[in-house]
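Hi,

Here is the structure I promised to pass on. Have a look at it first, and then read on for what turned up.

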Amino acid sequence: MPVAETNQGSLPAASRRAAGCLFLPGCLGGVVAVILALSIVAHALALIWSIATGQPLPLFPIQNAPREWAKLVWFLLSFFAWQAIRAGKRQAWVYWLTLLSLAGWIGLAWTTDSFSVRLGSFTETPQEAARNGQWLATIVIGLFLAHFTFSRDNRLYYGISQPKQP
């Protein structure tokens with residue numbers, strides 16, 4: 001029997017692992033969505049107040065650095081991918097969204113300075129510890145990404161590839 005027929009209703013192992021990898025960023029993405037919604041409401045109220053009183057409009061309450069906006073976007077993408085996997089959606093867009101989310105987290109893990117994992121006596125300075133943490137996080141998320149991407153069951157589940165014909 002082809003794999004697609006035997007696992008018709010169950011989520012493939014690679015998808016369960018990807019959902020686990022996206023759990024924390026997905027939860028934070030839900031929080032980010034609420035904070036962005038509240039920020040937009042606060043900015044709209046500030047705009048109304050500015051028009052009514054003639055005072056200058058304050059800046060949007062989120063930092064304007066492109067890197068900060070990229071983080072917010074990745075949190076939101078992770079939230080949507082995590083929710084779609086959890087809901088058992090079987091469309092190709094879930095596969096591609098999860099792929100994009102995991103790839104984005106690899107980029108953020110590689111370029112951020114906030115990972116500080118101390119790996120025994122291999123580190124002598126905080127900068128070396130941060131660099132080791134970046135390597136570790138990048139490798140772990142990369143393994144989940146590769147497993148999710150190249151899993152045959154996963155590609156069949158989301159309709160990216162077709163089962164082999166006998």
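Let me start with L24, which you will find in helix α3, the stretch covering residues 23-53. Its side chain is out in the open: L24 counts as exposed, with a relative accessible area of 55%. Together with F23 and L28, L24 makes a nonpolar surface patch of about 290 Å².

Before going further, bear in mind that this is a predicted model. As for the overall layout, the chain has 7 helices and 0 strands, so reading from the N terminus you get α-α-α-α-α-α-α. The chain has 166 residues, and 34% of them count as buried.

Some of that burial shows up in helix α2 (residues 13-21), where A14, S15, A18, A19 and C21 are buried. These five span an arc of only 160 degrees around the axis, so they sit on the same side of α2.

Now the rings, which I think you'll enjoy. How many aromatic pairs does the structure hold? There are 7 aromatic pairs. One of them joins F148 and Y158, with 6.2 Å from centre to centre and 50 degrees between the planes, which makes the pair tilted. F148 belongs to helix α6 (residues 126-150), while Y158 is in the segment after α7 (152-157), so this pair ties together parts that are 10 residues apart in sequence.

Y158 has another ring partner in Y157. Here the centres are 5.0 Å apart and the planes stand at 90 degrees; anything over 60 counts as edge-to-face, so that is what the Y157 and Y158 pair is.

Are these residues buried or exposed? Both F148 and Y158 are buried. For Y158 the relative accessible area is 2%, and Y157 is buried as well, at 7%. If you want to see the wider picture, select Y95, W96, F148, Y157 and Y158 in your viewer: ring pairs link these residues into a cluster.

One last item, this time with a charge involved. The charged end of R86 sits over the ring of W82, at 5.1 Å from the ring centre.

That's the tour. If you only have a few minutes, I'd open the cluster that includes Y157 and Y158, then flip over to the patch made by F23, L24 and L28.

Cheers

Conventions
Residues are numbered from 1 along each chain as its sequence is written. This is a predicted model: local features need pLDDT of at least 70, side-chain atom pairs count only at pLDDT 80 or more; totals for chains, interfaces and linings use all residues. Side-chain values use heavy atoms; hydrogens and water are left out. Rings of Phe, Tyr and Trp (its six-membered ring) pair if their centres lie within 6.5 Å; planes under 30 degrees apart count as stacked, over 60 as edge-to-face and the rest as tilted. Helices (H or I, at least four residues) and strands (E, at least two) are DSSP runs, numbered from the N terminus. Buried means under 20% relative accessible area, exposed over 50%, partly exposed in between (1.4 Å probe, protein chains only). A charge sits over a ring if NZ of Lys or CZ of Arg is within 6 Å of the ring centre and within 35 degrees of the ring normal. The arc is that of the directions from the helix axis to the C-beta atoms. Patches are made of residues with over 30% relative accessible area and no salt bridge: like charges are joined within 9 Å, nonpolar side chains (Val, Leu, Ile, Met, Phe, Trp, Tyr) within 5 Å. Accessible areas come from the Shrake-Rupley method with a 1.4 Å probe; for residues, only the protein chains shown count as cover. A salt bridge is a side-chain nitrogen of Lys or Arg within 4 Å of a carboxyl oxygen of Asp or Glu.
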